[in-house]
There are 2 protein chains.
Amino acid sequence: MAGIKDVAAEAGVSVATVSRVLNAHPSVSEAARARVLAAVETLGYRPNAVARSLRTDQTRTLGLVISDVLNPYFTELARSVEEAARALGYSVIIGNADERPDLQDHHVRTLLDRRIDGLLVSPTDGGSPLMLEAARGGTPIVFVDRWIPGIDVPVVRADGRAAIGDLVAHLYALGRRRLAIIAGPAATTTGSERVEAFRAALAGHGLALPDAYVGQGDFQAASGRRATERFLALPEPPDAVFAADNLMALGALDALRAHGLRIGADIALAAFDDIPWFVHTDPPVTAIAQPTGELGRAAVHALAALIDGGTPPSVTLPARLVVRRSCGEDAPNPRSEQ
Amino acid sequence: MAGIKDVAAEAGVSVATVSRVLNAHPSVSEAARARVLAAVETLGYRPNAVARSLRTDQTRTLGLVISDVLNPYFTELARSVEEAARALGYSVIIGNADERPDLQDHHVRTLLDRRIDGLLVSPTDGGSPLMLEAARGGTPIVFVDRWIPGIDVPVVRADGRAAIGDLVAHLYALGRRRLAIIAGPAATTTGSERVEAFRAALAGHGLALPDAYVGQGDFQAASGRRATERFLALPEPPDAVFAADNLMALGALDALRAHGLRIGADIALAAFDDIPWFVHTDPPVTAIAQPTGELGRAAVHALAALIDGGTPPSVTLPARLVVRRSCGEDAPNPRSEQ
DNA sequence: ACGCCTCATGGAATCGATTACATCGAGACG
DNA sequence: CGTCTCGATGTAATCGATTCCATGAGGCGT
């Protein structure tokens, strides 16, 4: 592959001049510029990003470590992150942690070794020494969706508190009184936070949240299924189940269906994270929608600001309740979807 | 950040020795090795992958350019690719083309500039000069799922012909006679191939495929909706619709629902690409499942072989029909899917 | 006409690794 | 006991860019 030296030779100038042309340095004559550009054209020259990165100590690359690529919420997030990054001239390397702390650390380490300019992380667990060290070491880091307490970096996330309040009110209005939740891992902030918000909302209606009504999940479909099975085996099973993410809702759907329950009638189901398929399930699933695209964009902009030496603030955007039929038939506006 | 020189100083040896220890070169004394390792530990040294890549001319990185990250089929593919690559010591950089040839070329160019060791592509269009040039230029390339005729590189894909034959037979047995297809872009191989297989299967049952029954889609949900609307506006609408990918099936589902049709009774629906949600739609959707995981693994192994100087063959794996209820009620084994 | 300033340009150092080659010492062997 | 071989180690070149510094050529003010 042609290098900068070949271009210099072809154009009859020095490598310094070629580099100046390529980097739009003002001090280059029109004639030289033209000759260099012509040489670049005929040789099909492309600068070696590796060499450039070594010299300039920046890769124009962002790392994004997400908890689970198979989760539509995260792929949508990844997509918006890539888009926003591209607009700013960055590439994105995605690492998929599959909800496994070891894999997460593997990716963080690899990304750091590659000298990415900044890191976007949605941590799978509550405390990674590696990440702490990286943050202290000065690597620009921004947390998205979830975060790790004690690591002082900007956090970009959605606040589901209000929407969870709306959801509980909705369920209460439909006559549901025995509300259960399938929680995410306690080690994740979204895992514990959603339970707390749910508990607080219940309290607002004078309802308690017994331990038996808190299922332990891991944000994967299978765990949603297991937790639901356990609920149904209870002497007094819940009459509404709220899954803290869309995959666990899928698992819950599996389990409820397997037990022959009519969702929306015999039992209510709702989920955190809205995804396109919820419109088409049987019945359509009531969900809490996050502004995923904006989350991704805000995270990238915060990270870019951090890289440029700024001190961007944390960002919290509101989530909102989208009512469908999985909690009962009297949805206020049944034709609002689709 | 500490460099190899710092480690050398700390350990009291030369940089060459440090490098030899790190690369497991045999000619290093036990004493030196121990001192180097200790120095690496105390300094928390990590080799700079950028510098290493520049020198060795290999990045241990694979590029993966897929047509659409929001499509569950491709994210599953991406996941298996990353997994297989990681097992081989490679990282993967994913580029999302969003079915846009210009974006695809942007990613290919960026990846090439970064000197990735090899490229995995599922092309969005039928002819990219850039990709042709790269292939000729000696960049190891493997096509997955789709390919570009005329570019002589290994292709790893699933053959849906037999499964489409099964699907048509299934529909025919259920009394469906007016079968329509929502095709992908003619520029993609999967776009045209699936139509041809469908047409051939119809012919086997003495059925024709009128032009009006071939909807033009672009593998996105909106196009599936539009194509379906057009079918329903026909004087004699089809009684079965086959969508060439899962997103267009989602769109078709939208449209059929909006027209108040009972899917499985009034009209049949089937899709290429099986995804977890199809079990939970109303009704569950009959689909053709690809061995996505194996596809990803095979593609990575072919690419790795190519990088190592081998000449791996193309791979074609069979797809299979998964019958659910969207084509009619007499599914042969109604409880096979939970 | 002379010196000074600016602009265009080239030479060479540099980034952080890997690795060819040189060197040195020790053990083997005649 | 000299020489030959081999293992351990260091010095320096190298990868392909960017960029500091020196140099030379004009342009301009006085």
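User: Before we look at chains B and A, what counts as a salt bridge here?

Analyst: A salt bridge is a side-chain nitrogen of Lys or Arg within 4 Å of a carboxyl oxygen of Asp or Glu. Keep in mind that this is a predicted model. With that rule in hand, B:D98 and A:R79 qualify, because their side chains come together at an N to O distance of 2.5 Å, against a cut-off of 4 Å.

User: And how many salt bridges does the rule find across the interface of chain B and chain A?

Analyst: The pair B:D98 and A:R79 is a salt bridge between side chains. Polar contacts link the two chains too, with 18 residue pairs counted (both at pLDDT 80 or more). As for salt bridges across this interface, the rule gives four.

User: Which element gives the most residues to the side of chain B that touches chain A?

Analyst: On chain B, 50 residues are in contact with 50 residues of chain A. By class, that side of chain B has 21 nonpolar, 14 polar and 15 charged residues. The elements giving two or more residues include α4 (49-56), β2 (91-96) and α6 (101-113) of chain B. The top contributor, with seven residues, is α5(B).

User: What is the area buried between chain B and chain A?

Analyst: The size of an interface is often given as the accessible area lost when the parts come together. Here, carbon and sulfur atoms give 57% of that area. Looking at what chain B buries, B:R115, B:W277 and B:H280 supply 18%, more than any other three residues. The area buried between the two chains is about 4,600 Å².

User: Let's turn to the DNA. Which element gives the largest share of the surface near DNA strand C?

Analyst: Strand C is surrounded by 26 residues, and the closest include A:T17, B:I4 and B:R55. By class, this surface has 12 nonpolar, 10 polar and four charged residues. Both chains take part: α2 (15-22) and α4 (49-56) of chain A, plus α2 (15-22) and α4 of chain B, each supply at least two residues. The largest share, five residues, belongs to α4(B).

User: Which residue has a side-chain N or O atom 2.8 Å from a base nitrogen of DNA strand C?

Analyst: Of the strand C atoms within 4 Å of the protein, 60% belong to sugar or phosphate and the rest to bases. On the phosphate side, a backbone N or O atom of B:I4 is 2.4 Å from a phosphate oxygen, and an N or O atom in the side chain of B:Y45 is 2.7 Å from a phosphate oxygen. The residue whose side chain lies 2.8 Å from a base nitrogen is A:R20.

Technical notes. Residues numbered from 1 in each chain as written. Chains lettered and ligands numbered in written order. Predicted model: local features only at pLDDT ≥ 70, side-chain atom pairs only at ≥ 80, totals over all residues. Heavy atoms only, no water. Contact = heavy atoms within 4.5 Å. Buried area = accessible area lost by both parts, 1.4 Å probe. Polar contact = N/O pair within 3.5 Å; in protein donor to acceptor, adjacent residues only side chain to side chain. Helix = DSSP H or I, 4+ residues; strand = E, 2+ residues; numbered from the N terminus. Nonpolar A, V, L, I, M, F, W, Y, C, P; charged D, E, K, R; others polar. Near = heavy atom within 4 Å.
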